[in-house]
Number of protein chains: 2
Amino acid sequence: MSTIQVKTVSAEYPVHVGSGLLANLYEKLPKQRRFFVLTSPEIWGLWSKQFLASFPKDERPMTLFLPPGERHKRLTQVERLAAELSSVGADRSSLLIAFGGGIVGDLGGFLAAIYMRGIDYVQVPSTLLAQVDSSVGGKTGVNLVTGKNLIGSFHHPLAVYADIDLLQTLPDRELRAGLFESIKAGIIRDAELFEFMERNTGAILRRETEALEHVIGASIRMKADVVGMDERESGLRMILNFGHTLGHAIEAVTGYRRLLHGEAVGWGMIGALYLAQTRRTVSAEEAIRMNRLIHVMEALPRFKTSAEKLVEAAGHDKKNRTGVRRFILPAGIGNAKVVEDVTDAELLEAANWVLESARI
Amino acid sequence: MSTIQVKTVSAEYPVHVGSGLLANLYEKLPKQRRFFVLTSPEIWGLWSKQFLASFPKDERPMTLFLPPGERHKRLTQVERLAAELSSVGADRSSLLIAFGGGIVGDLGGFLAAIYMRGIDYVQVPSTLLAQVDSSVGGKTGVNLVTGKNLIGSFHHPLAVYADIDLLQTLPDRELRAGLFESIKAGIIRDAELFEFMERNTGAILRRETEALEHVIGASIRMKADVVGMDERESGLRMILNFGHTLGHAIEAVTGYRRLLHGEAVGWGMIGALYLAQTRRTVSAEEAIRMNRLIHVMEALPRFKTSAEKLVEAAGHDKKNRTGVRRFILPAGIGNAKVVEDVTDAELLEAANWVLESARI
């Protein structure tokens, strides 16, 4: 097991990564609290026995369920869950455990942020994406009909327990989709992680504990590092959006149904790499290595749309303040920079490149 | 005009109190922002001309409306308003102006707290209650079906503009209801304010500017003082709940329809005063003065319920952690203390006293 300490201006908490963490969960939690666990019916069906194993019978958490799917990541579910908490007497000292994938983590964290103006919570992420991405950084929230994550709060958990064993029941596609965030971590800030993934692709895809622990630990360390320096995304934190401008646009135009978030980011990185190559912020050889690692992880799902639609959707990306499109370009392997002068024409070209690749 | 500087651990901002503030509103706002104003149809009908007078034509705020009434202080309205903001392209640098009573302020502040994980806002409170109470302290939020203000955030405004002129169109009953919060301020922490209100009852009820400015300024100063020392209500801030244990219970059992919040707090203070007298934390003479000031402001609306129901409803008050009922008792005029040993029997007696008074 390894522990990464996240330190930001507003909070400090540990992220534990390893095998067998569920078995000792109760001992790690603060005492004298009422526990509530928010989870999905599927995860609970697979893991409730192991999850509850460490709890004394009279301190078992009450279970709240969030139906699966992005379409339930909405305020109406937050309201229902808050009313459930309130009707069973949850108070300001209650502790919420968000046990599931990114949607459970984001919505659970937001529920904890606004129930009685804020209660404590811990994260037990059950997908690779949630372990490496959404469990660190304090961003919580839900979607509006007009866009993803447009409602939310910064609210850090007391601790994160990323149990690698949970990944054994993860569908193949979700495992692979999560790996794109680790590839992203390698490209923008950690050349060693990038090279580890190049050398150990087989072990990672076979879900070998040691390889996964290394990849997840390094990805979390990278994100903790960046968030620690820039919690509110005024500068450095923006590099975490590498692949996200076009990625979000692809998700939006495909109605959030065809691709998983990680897959869309995979395509987004391919588009950004194209731009990086034309601007020569990466060498041809570096671009080949990055593209190869992205493609080796998975045959990315195909999709159809027009480049114009993608550029228009990218214009609505909430990361862009009026008039300025911030775009993240890799600068070699393990380094990235924020540029503000990407024109619509360039973006159109990158979108066309992605679409050509996506049609093959 | 007077300005009170609110200083808490997490924020610092000015509260301006005086006449004619609307006329210069635009000059006081930060520039280079898109402005949005959240208001009620009624307030906008009365005051939009004055509100907009200082804005250049091309910088006029876009208007968002919240229907009047406590029943609209819910997440569904927050979601609708957030979607409206998003659909017209409001971004993280947009500024929301909450222009209205306590509901507009609480809901508007919460909307600002969670739209894109937090945007700036300013308060322009239009009722006495909102000016003296809800505009200071950073508490924002909405109701659940299971209780009031159970969903929310701490989110401080950039500034508050309490324009006394707005009180000229306030219905009599609302003016009087708001005065109970000022009486509360006097009782728990400001003997000078209490005595000023005793001496100037007529001028206050006639809405003379000078008298109102004094009362409002002193009330805000008291609250800013308390919140500055204890933002998150771990200790001192609890004294602000004087009158609120029974007050909330009365609101709850009467379905939030029969009494205004200030009126319920008025009755709650009468109940707490009864307890203070039996426990001798106030002298008989002090109790008479306090009761007289409460009653002189208004013939409080009557209501019917049982003392048992009130005690049960008080048990659900969110300010009580499991097992402990914190209760605020005045200790003389201008001083209050938190006690934790009020029994159900004592509370029942106080509730009976309130009910006897309310039935007269």
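**Exercise 1. Find the partner of Arg74(A) in a salt bridge, and place that pair within the interface of chain B and chain A.**

Solution. The model is predicted.

Step 1. Arg74(A) pairs with Glu79(B), and their closest N and O atoms lie 3.0 Å apart. The cut-off for a salt bridge is 4 Å, so the pair qualifies.

Step 2. Across the interface of chain B and chain A, the rule finds two salt bridges. It also finds nine residue pairs in polar contact there.

Step 3. On the side of chain B that touches chain A, at least two residues come from each of α3 (75–87), α4 (102–114), β7 (139–144) and β8 (147–154) of chain B. By type, the residues of this side are 12 nonpolar, 10 polar and 10 charged.

**Exercise 2. State how much area chain B and chain A bury between them, and which three residues of chain B supply the most.**

Solution.

Step 1. Contact involves 32 residues of chain B and 32 residues of chain A.

Step 2. The size of an interface is often expressed as the accessible area lost when the parts come together. Here chain B and chain A bury about 3,000 Å² between them, with 57% of it on carbon and sulfur atoms.

Step 3. Glu79(B), Arg92(B) and Arg117(B) account for 25% of the area that chain B buries against chain A, more than any other three residues.

**Exercise 3. Describe the salt bridge of Lys73(A) and the parts of the chain that it links.**

Solution.

Step 1. The side chain of Lys73(A) meets that of Asp106(A), at 2.9 Å from N to O.

Step 2. Lys73(A) sits in the loop between β4 (62–65) and α3 (75–87) of chain A, while Asp106(A) belongs to helix α4 (residues 102–114) of chain A. The two are 33 residues apart, and the pair links distant parts of the chain.

Step 3. Over all chains, the count by this rule is 38 salt bridges.

**Exercise 4. Classify the crossing of α6(B) and α7(B).**

Solution.

Step 1. The axes of α6 (residues 172–189) and α7 (residues 191–199) of chain B come within 6 Å and cross at roughly 135°.

Step 2. The two helices are therefore oblique to each other.

Step 3. Contact residues include Leu179(B) and Ile183(B) of α6(B), and Phe194(B) and Met197(B) of α7(B). The residues of this contact divide into eight nonpolar, two polar and one charged.

Key:
Residues are numbered from 1 along each chain as its sequence is written. Chains are lettered from A and ligands numbered from 1 in the order in which they are written. This is a predicted model: local features need pLDDT of at least 70, side-chain atom pairs count only at pLDDT 80 or more; totals for chains, interfaces and linings use all residues. Side-chain values use heavy atoms; hydrogens and water are left out. Contact means heavy atoms within 4.5 Å. Buried area is the accessible area (1.4 Å probe) that two parts lose on being put together, summed over both. A polar contact is a pair of N or O atoms within 3.5 Å; within protein, one must be able to donate a hydrogen and the other to accept it, and residues adjacent in sequence count only if both atoms are side-chain atoms. Helices (H or I, at least four residues) and strands (E, at least two) are DSSP runs, numbered from the N terminus. Ala, Val, Leu, Ile, Met, Phe, Trp, Tyr, Cys and Pro count as nonpolar, Asp, Glu, Lys and Arg as charged, and the others, Gly among them, as polar. Axes are lines fitted to C-alpha atoms, for helices over the stretch in contact, and angles run from 0 to 180 degrees between N-to-C directions. Angles under 35 degrees count as roughly parallel, over 145 as roughly antiparallel, 65 to 115 as roughly perpendicular and the rest as oblique.
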